[in-house]
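Q: Hi, I have a model open here and would like to talk through how its helices pack and how its chains meet. Can you walk me through it?
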Amino acid sequence: MLDSSASENRLEAVVLNGRRRLLVQTAMRDALLASAIAMGGVAALLALGTGYFPPVLLGLFVAAGITAGVLRWRRSQPRPYDVAQLLDRRWQTDDQVSTAYYFLKESDKGGPIAEQQRARAATLAASGDVVAALPLRLPHAGWGALAMLALIALLFVVRYSLQPALSLEQPLAAMLKEALLGPDEQPNAGLLQPEPARPQTGDEEAAPSLSEEAETRDAETRTEPPAPPDAAQTPADQDAEPLNVEIPEVEGLSVDESYGDEMDYNSLVDGEQQGQQQGEKHDSPSDAGTPSDQASAPNQENEAWNQENDSLLDRLKDAFENMLSKLNMEPQGGSQQPSESESPSDGESTGEKAEAAEGQAQGGASDAGEAQMEGGEPGEASSQQVSQGEGGNNSDQPGEGQPSSAAGGNDGSKDAAEQAAIEEAMGKLEELYSRRAEEMKGEVMIETETAQQSARTPYQPQDSGHQDLGGTVSRDAIPLAYQAYIKSYFENLRTKN
Amino acid sequence: MQLVRDEIGKVIVGHDNVVEGVLTALVAGGHVLLEGVPGLGKTTLLRTLSRAMHLDYSRIQFTPDLMPADILGSMMMETDGAGSKQLRFQPGPVFAHLVLADEINRATPRTQSALLEAMQERTVTSGTTTHSLEDPFLVMATQNPLEMEGTYPLPEAQLDRFLQKIIVGYPTQEEMVTIVDRTMSADQPKVEQVVNREQILDMRRAAQQVLVAPHVRDYAIRFVLATQPEHATAHTVAKKYIRYGSSPRGAQALVQCGRVRALIRGRLNVSIGDLRALCTPALRHRIILNFDAHAEGKTSDQVLTAILDSMPDTEA
């Protein structure tokens, strides 16, 4: 049995020795934890590349690992009393060491019983093996760190077996995809909705797809400075030369053929609007467009097509409104190019060539029911569509293979000035519509036939009043009860005329 | 203590846990409740213990018509030589160092209460006079778990007065061979007095000085709290099967018994191992199981063992 001071020193030395070993063990554990976190950042960098994982994030990972390790190490520092308990459990000494240490350090030493206990504990501690009780082992965090190290090595090998250059820009997934599936051909193909079935023409086959053109446009916008509208022709546009039919040049109107498909729809609506304008100008029956029953079917197709191409609709609207505003600002027969194919239409009644040509084109492309144009045969419309770049389309084939116009330049990347011009044009357009609405007079053309009579009042949004005769005739449908009366009424009118 | 155990071993075969429990209660100053079928040597144990320690011994067979005065004593009218008469307190059988209350659950609650009050207060009041019971005072009550008809089970408040509840089980085959051989032998073992009353009191004082480290004390408290289903740190088994958990008296009993147990093993400190060994006998009569436990056939020992097995040595 040791004396009191010797037993106290022995006991304390053993406990502190055990504590040192425990601190080393915890430090090793927390260092491995910190390194595992940092290696996680390296692994993420190797997997994602600098494009998705900037190098500053790697620094954050390292800092987070060090912080976590230090904080955890500081929190897990054991007290000597705890170490004594641990030694008791490992040595199976029935808490004698911990009790003796407690009454040695943390109490009033407990009297003679505690002194005896310290002597016993010192004897036990002298016979105990601290190294065996508290061995230095690879902590669990070490396995995690090793796993991260293996992952890093694997990523490194995979990455630089695919790409010899030491570049971390590209993500590993993209590299693997390229290696396994080849270069990415149409990354945006899946984003586009399939277009409704339309008859294929040679022009359309030759034309680049919308996705390709959009890709080309995106590449151009990324790599090249913005070019003036007239110089916005891309090589892809030049390749689509068969589609480059002449269009009436409008001052200040840019041409972007990358929106060829979009311009199909654009031209269709354009024709519709132009037809309305033309109908306003040419009120005579000879200037009328196609029959309304022929125009209703293309309208339905256009609506379905519009719904399917909602993603493009906004840009198309912008382009359309821009072009309309430009056209409305210009005199109708002014500086516009005469059409190449001067196929005369039935509605050609004025002597002004350009105006007549434009009227033909627009009449052929418009919703003829609204344009109130007669004689716009589909065949004629097709020829006009091909020959005139104004955008006149056959109503049955909306916008296929049409060359783009300047309206296509409104692809969302327009600058502020162009946007301002569009807004100004929209304001003028609205003003124009308002004025036009005021000028509407409700003139009705009635064709009387021997077999069947029909009243066509496509421009009249209001009911036509015949109050002097005591009846009201609807624009769209004449009630059956009034048909005989109307027939006789207009017969009288014609007789008078 | 080992000498006492050896002397008892001359008569009692096996039942080491019972012997140690009774000795622990004696040194700790508590009482024990023995539960077991008749014929297992409960009375013999206490008689042998009294002989080995040279202590007064009394045995009370509890019956339904037993009255408190039959246990505590009564005032007797005495006539002295001068012819004058006076009342004198005649002590009952409770005035002994070792009291065997055999089949305590057969007495009425009134009688039980009289004994239990004496156990707790260590005094007996008769009229206006209070009589102290001499230390050491150990009541060893027995219960027969089989014949429950016509019995008055002890209420929980009174069960709490017992330091330990010890289950006396059947002896093993080897132990029974020894028991039968000793019975057939003409030479009955003679028990020597190895410890006197003063030495027992010294042992009690020594036990009170046994060191209890904070982490050991906390373990006892954590275990008691874990048996209380309403407590935040209650064990899931306790929440499921226990209706009422142990009182703080349970923690006191654990530490008290732990000290004696450490002393019996020659240590000067209580270890967590001591507490783990004492958790079942010290707490099994202090918890009340709920209906689910009874329906599933769970016993207090099973519930406590389940809690004990999942109780870590140190607080998380």
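A: Happy to! This is a predicted model. A good place to start is chain B, where helix H2 (residues 16–28) and helix H8 (residues 197–208) pack with their axes 8 Å apart, at an angle of about 80°.

Q: So are H2(B) and H8(B) roughly parallel or roughly perpendicular to each other?
A: Roughly perpendicular. Angles from 65 to 115 degrees are counted that way, and theirs is about 80°.

Q: Which residues meet between H2(B) and H8(B)?
A: From H2(B) you have B:Leu26, B:Val27 and B:Ala28. On the H8(B) side, their partners are B:Ile200, B:Met203, B:Arg204 and B:Ala207.

Q: And how does that contact of H2(B) with H8(B) split by class?
A: It has 6 nonpolar residues, 1 charged residue and no polar ones.

Q: Sticking with H2(B), how many of its residues are buried?
A: 10 of the 13, so H2(B) is largely enclosed by the rest of the structure. B:Leu26, B:Val27 and B:Ala28 are among the buried ones, and so are B:Val18, B:Glu20 and B:Gly21.

Q: What span should H2(B) have, going by its residues?
A: At 1.5 Å a residue, 18 Å is expected for its 13 residues, and the end C-alpha atoms of H2(B) are 18 Å apart, so the two agree.

Q: What follows H2(B)?
A: B:Gly29, and its phi is positive, near 85°.

Q: Let's zoom out. How many helices and strands are there in chain B?
A: Chain B has 14 helices and 11 strands. Of its 316 residues, 42% are buried. Among contacts in chain B with a separation of 6 or more, 75% are between residues 24 or more positions apart.

Q: How many residues of chain B are in contact with chain A?
A: 14 residues of chain B, and they touch 14 residues of chain A. Helix H9 (214–226) and helix H12 (272–283) of chain B each give two or more residues to that side. H9(B) has the largest share, with 3 residues. By class, this side of chain B divides into 6 nonpolar, 6 polar and 2 charged residues.

Q: Now over to chain A. Which residues of H5(A) are buried?
A: The buried residues of H5(A) include A:Ala114, A:Gln117, A:Arg118 and A:Arg120. Helix H1 (4–52) and helix H4 (96–105) of chain A are included in what covers the buried residues of H5(A).

Q: How far apart are the end C-alpha atoms of H5(A)?
A: They are 25 Å apart, and the 17 residues of helix H5 (residues 111–127) of chain A should span 24 Å at 1.5 Å a residue, which agrees.

Methods: Residues are numbered from 1 along each chain as its sequence is written. Chains are lettered from A and ligands numbered from 1 in the order in which they are written. This is a predicted model: local features need pLDDT of at least 70, side-chain atom pairs count only at pLDDT 80 or more; totals for chains, interfaces and linings use all residues. Axes are lines fitted to C-alpha atoms, for helices over the stretch in contact, and angles run from 0 to 180 degrees between N-to-C directions. Helices (H or I, at least four residues) and strands (E, at least two) are DSSP runs, numbered from the N terminus. Angles under 35 degrees count as roughly parallel, over 145 as roughly antiparallel, 65 to 115 as roughly perpendicular and the rest as oblique. Two residues are in contact if their C-beta atoms, placed from the backbone, lie within 7 Å. Ala, Val, Leu, Ile, Met, Phe, Trp, Tyr, Cys and Pro count as nonpolar, Asp, Glu, Lys and Arg as charged, and the others, Gly among them, as polar. A residue is buried if 20 or more other C-beta atoms lie within 10 Å of its own, exposed if 12 or fewer, and partly exposed in between; C-beta atoms are placed from the backbone. The expected span of a helix is 1.5 Å times one less than its number of residues.
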